[in-house]
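Please open the structure in your viewer and keep the selection panel at hand. The tour below goes from one selection to the next and says what is to be found at each stop.

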Amino acid sequence: MFRKILFSDAKSFGIELNEVQLDRFEIFYKLVTEWNEKINLTAITGEKDFAVKHIIDSLSCWEEKKFLSAKKIIDVGTGAGFPGLPLKIFKPELEIVLLDSLSKRVEFLKKVVAELNLQNVTCVHGRAEDFARQKNFREQFDAAFTRAVSRLNVIAEYCLPFVKVGGIFAALKGKKFLEEISEAKSAVKILGGGEINFIEKNLPDLPDKRAVIYIDKIKSTQKKFPRKAGTPVKNPLI
């Protein structure tokens, strides 16, 4: 049933999933529900809700024209793997890093990657504030993605340092996205981002308002950013 729901709702959203992708999404769903009994991965476990609110929502951020040259990407604060794993299943050619601060979630992600036989996926345990300062992570990615981690002015400080100049940062946001854009304009500029653009998204059978925010990286992020762990949340850039 999950497979049929996902295929149908994805198609109504404008996304065509092939048999290999559907196989992998079905296994992914089963693994999440199994592991959810051991660790808290998600409150959304129903077939319809999982298909729409997790998988299709994750795929909604992929705009082909914006990511034509994107090969190496990072999902910051990936949690149970959203949006990173759905993007990898949808676009298997991507090289992706899944970064999360909870070791048990990273253990789960490694299990999924192994079960699905996904290539060029690295699961990393740690904080964005720390990894964004490392030479092999800082400004090394064509794109950074995040979903439901923090407000835009905070998450921009986590994510933009990972993105190379000429790359793009994408944040999946809920109904208050316009408010977040307004308060983040100064922070984005300070961090090397350009104009903030967004595309509203209407997911199948869901009335709530959503959007994906896109920010181009137009100049290098100053070395002092991101600030030490915890500071961006306690004292957001304004």
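**First stop: helix α7**

Begin by selecting helix α7, where L152, N153, V154, I155, A156, E157, Y158 and C159 are buried. This helix runs over residues 152-159 and is mostly covered, with 8 of its 8 residues buried. As you look at it, please keep in mind that the model is a predicted one.

**Step back to the whole protein**

Now show the entire protein, in which you can find 9 helices and 7 strands. Measured out along the principal axes, its C-alpha atoms fill a box of roughly 50 × 35 × 35 Å. A compact globule of 238 residues would have a radius of gyration near 18 Å, and the protein, at 17 Å, agrees with that value. If you colour the residues by burial, the buried ones make up 55% of the 238 residues. Should you display contacts between residues at least 6 apart in sequence, 70% of them join residues at least 24 apart. With the surface switched on, about 11200 Å² is exposed, and carbon and sulfur atoms supply 49% of this area.

**Turn on the charged side chains**

Next, colour the side chains by charge, which brings up 40 positive and 31 negative ones, the centres of the two sets lying 6 Å apart. Side chains of opposite charge can pair when their charged atoms come close. How many salt bridges does the structure hold? There are 19 salt bridges in the structure, and the next selections visit some of them.

**Select D57, R210 and D208**

Select D57 together with R210, which form a salt bridge whose closest N and O atoms are 3.6 Å apart. This pair links distant parts of the chain, since D57 belongs to helix α3 (residues 47-59) and R210 to strand β7 (residues 210-217), with their positions 153 residues apart. Is D57 buried or exposed? Its relative accessibility is 7%, under the 20% cut-off, and D57 therefore counts as buried. R210 is buried as well, with a relative accessible area of 16%.

Keep R210 selected and add D208, with which R210 forms a salt bridge, the closest N and O atoms here being 3.1 Å apart. D208 has a relative accessibility of 31%, so D208 counts as partly exposed. Another selection worth making is R3, E19, D23 and E26, which are joined into one network by salt bridges that share partners.

**Select E180 and K173**

Move on to E180 and K173, which form a salt bridge with their closest N and O atoms 2.9 Å apart. E180 counts as buried because its relative accessibility is 9%, and K173, with a relative accessible area of 11%, is buried too.

**Last stop: E107**

Finally, select E107, which lies in helix α5, a helix that covers residues 103-115. Because its relative accessibility is 48%, E107 counts as partly exposed. To end the tour, draw a distance from the C-alpha atom of E107 to that of G192, a residue 85 positions away along the chain, and the viewer should show a separation of 33 Å.

Conventions: Residues numbered from 1 in each chain as written. Predicted model: local features only at pLDDT ≥ 70, side-chain atom pairs only at ≥ 80, totals over all residues. Heavy atoms only, no water. Helix = DSSP H or I, 4+ residues; strand = E, 2+ residues; numbered from the N terminus. Buried < 20%, exposed > 50% of the residue type's maximum accessible area, 1.4 Å probe, protein only. Rg over C-alpha atoms; globule rule 2.2 N^0.38 Å. Contact = heavy atoms within 4.5 Å. Areas by Shrake-Rupley, 256 points an atom, 1.4 Å probe, with all protein chains shown as cover. Lys, Arg positive; Asp, Glu negative; His and termini not counted. Charge placed at Lys NZ, Arg CZ, Asp CG, Glu CD. Salt bridge = Lys/Arg side-chain N within 4 Å of Asp/Glu carboxyl O.
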